[in-house]
Each structure stands twice: as C-alpha cells, then as structure tokens.
Amino acid sequence: MTRIIAGRAGGARLDVPSSGTRPTSDRVRESLFGGLDSADVIIGARVLDLYAGSGALGLETLSRGAASADLVEQGRTAAGLIRRNAAAVAKAGVPSARVHQSSVRAFLQRATGPYDLVFSDPPYDLDDAAMTADLVGLAPLLAPDALVIIERARRSTPPDLDSAGLELVREKSYGDTALWWAQPARVDAGQPAVESQSR
C-alpha cells in the first residue's frame with residue numbers, strides 16, 4: 001500500500017501489485033517530485049508513465065496539476081489495479097488517467113503525443129537493447145522541451161540516451177536506485193550542465 005504524496009488527491013491510498021512490478025519507493029518519489037515541482041514542469045503537462053506498475057508516478061502528477069496522463073502497463077492484473085487506483089484519485093476532482101494494457105513497444109508505435117513529461121521505470125530484467133529500443137520509439141512523441149525520467153537499478157548500465165536523441169540533464173542515486181533526467185538534445189545547445197549526486 002502506498003499513497004499520493006501531495007496535491008488535490010494527497011493522501012489517497014493506492015494498491016500495489018503483489019508481484020511482477022517494482023514500485024518506486026516513497027523516499028525516491030518524494031525527492032523526485034520535489035525536483036519536478038521546483039522545475040515547474042508538472043502543471044498543465046501531458047504525462048506518459050511507461051511500465052506503470054501501480055500507476056503511482058502518473059497519478060501523482062494528476063494530483064499536482066498535470067493536464068493528462070497515459071499509464072502503460074502490460075500485465076493484465078496490474079493494469080486492472082491501476083484502473084482502480086485511477087478511479088480513487090479521480091474522486092478528488094482531478095482528470096481521469098487513461099490506462100493502456102499494452103506492451104510499451106506496441107503503445108509507442110500507435111501513440112501520437114506530444115508528451116511533456118515521461119516516466120520510464122522498466123523491470124530490472126529488461127535488457128539494455130530493449131531499453132534502448134523503447135527510448136528510440138519514444139523520441140518522436142516528445143515535445144521539444146520534454147523531460148524524461150528513467151529509473152533503473154544503480155548497478156544497471158546507464159540508458160543509451162544518444163541513440164534516442166536525448167541528452168542527460170541530471171543523474172541521482174538513492175541507495176540501489178538511480179534516476180536519469182534527460183531531454184531532447186538541442187543541436188545548438190552545446191554540452192548540457194549535468195548534475196550527478198548520490199546518497
């Protein structure tokens with residue numbers, strides 16, 4: 001069991017799948033959303049939550065003022081659970097999330113975008129080639145100033161951002177979890193200022 005941290009649906013309880021997903025810890029979510037709020041990227045954003053699990057990341061953005069959220073989860077049981085969580089959050093008067101029971105690859109092939117904020121929290125067993133292919137498929141759906149948050153195990157190979165035309169903005173570790181913040185590369189932007197922090 002977890003909860004929406006803040007916003008109109010703050011405190012709403014969310015169910016978490018018993019197996020097959022890896023929920024983002026409360027500590028990581030709190031730090032992540034503190035950073036996103038500081039960057040002022042949530043209000044009015046079109047959000048995409050890939051490998052959504054419980055839907056906690058996408059639903060948190062709706063609670064905090066995002067305009068829309070597409071939550072993608074391949075597992076049938078998990079997708080049903082996300083729909084129940086989305087209905088609980090919607091009771092607070094926030095927009096209803098769109099839940100898609102689909103593989104990430106299939107969803108990206110039919111989606112239209114553009115998205116302003118994307119969460120990609122794949123299972124640990126997703127191999128590097130599949131991770132890269134998903135990022136490449138995502139790239140055409142991004143708004144020019146979009147932000148992509150990738151969560152993986154700290155011991156994992158860093159995501160191949162170059163292949164997807166992305167550049168690293170920030171990298172931060174929390175114990176065994178690492179977050180990479182990325183954005184579409186700008187040809188004239190030169191080298192981005194990368195922040196790297198560990199805890």
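**Close-up views of a predicted model**

**View 1. Surroundings of Leu59 in the predicted model.** Once neighbours within four places in sequence are set aside, Leu59 is in contact with Ile4, Leu14, Ser54, Leu71, Asn85, Ala86, Val89 and Ala97. Leu59 is also named, with Leu32, Leu36, Leu117, Phe119 and Ile149, among the residues with the most contacts inside the largest nonpolar core, which has 32 residues. At least two residues of this core come from each of helix 1 (26-39), helix 2 (56-63), strand 4 (68-73), helix 3 (76-90), strand 6 (115-120), strand 7 (142-153) and strand 9 (177-184). Another core, of 28 residues, lies apart from it and includes Tyr51, Phe107, Ala111 and Ala182.

**View 2. Asn85 and its contacts.** Asn85 belongs to helix 3. With a relative accessible area of 2%, Asn85 is buried. Residues up to four places away in sequence not being counted, Asn85 touches Arg13, Leu14, Asp15, Ser54 and Leu59. The C-alpha atom of Asn85 is separated by 8.8 Å from that of Ala12, and these two residues are 73 residues apart along the chain.

**View 3. The aromatic pair of Phe33 and Phe119.** The structure holds one aromatic pair. Its members, Phe33 and Phe119, are tilted, with 5.9 Å centre to centre and 40 degrees between the planes. Phe33 is in helix 1 and Phe119 in strand 6, so the pair ties together parts that are 86 residues apart in sequence. The relative accessible area of Phe33 is 0%, and Phe33 is buried. Phe119 also counts as buried, at 1% relative accessibility.

**View 4. Arg170 over the ring of Trp181.** The charged end of Arg170 sits over this ring, and the distance from the ring centre is 4.2 Å.

**View 5. Strand 7 and its two pairings.** Of the 12 residues of strand 7, 10 are buried, and the strand is thus mostly covered. Strand 7 pairs with strand 6 in the parallel sense over five bridges. Within this pairing, Val118 has Val148 of strand 7 as its bridge partner. Strand 7 and strand 9 run antiparallel and are joined by six bridges. Here Arg152 stands opposite Ala178 in strand 9.

**View 6. Ser120 in strand 6.** Ser120 counts as buried, at 4% relative accessibility. Not counting residues up to four places away in sequence, Ser120 touches Leu50, Tyr51, Met131, Ile149, Ile150 and Glu151. Of these contacts, Met131 is one of the buried residues of helix 5.

**View 7. Helix 5 (residues 128-138) and its packing.** At the start of helix 5, the backbone nitrogen of Ala129 has a side-chain oxygen of Asp127 within 3.2 Å. Ala130, Met131, Thr132, Asp134, Leu135 and Leu138 are the buried residues of helix 5. These buried residues pack against strand 3, helix 4, strand 6, strand 7 and strand 8 (166-174).

**View 8. Two residues with positive phi, Asp40 and Tyr51.** Asp40 is not a glycine, yet its phi is positive, at about 55 degrees. Asp40 is located in the loop between helix 1 and strand 3 (46-50). At 59% relative accessibility, Asp40 counts as exposed. Tyr51, likewise a residue other than glycine, has a positive phi near 55 degrees. Tyr51 is placed in the loop between strand 3 and helix 2. Whereas Asp40 is exposed, Tyr51 is buried, with a relative accessible area of 16%. Tyr51 is also one of the residues of the core of 28 residues, and Ser120 touches Tyr51.

**View 9. The cis peptide bond between Gly113 and Pro114.** Omega of this bond is about -5 degrees. Pro114 lies in the loop that runs between helix 4 (104-110) and strand 6.

Methods
Residues numbered from 1 in each chain as written. Predicted model: local features only at pLDDT ≥ 70, side-chain atom pairs only at ≥ 80, totals over all residues. Heavy atoms only, no water. Core = buried A, V, L, I, M, F, W, Y, C linked by side-chain atoms within 4.5 Å. Buried < 20%, exposed > 50% of the residue type's maximum accessible area, 1.4 Å probe, protein only. Helix = DSSP H or I, 4+ residues; strand = E, 2+ residues; numbered from the N terminus. Contact = heavy atoms within 4.5 Å. Phe/Tyr/Trp six-rings, centres within 6.5 Å; stacked < 30°, edge-to-face > 60°. Lys NZ or Arg CZ within 6 Å of the ring centre and 35° of its normal. Pairing = 2+ DSSP bridges. Polar contact = N/O pair within 3.5 Å; in protein donor to acceptor, adjacent residues only side chain to side chain.
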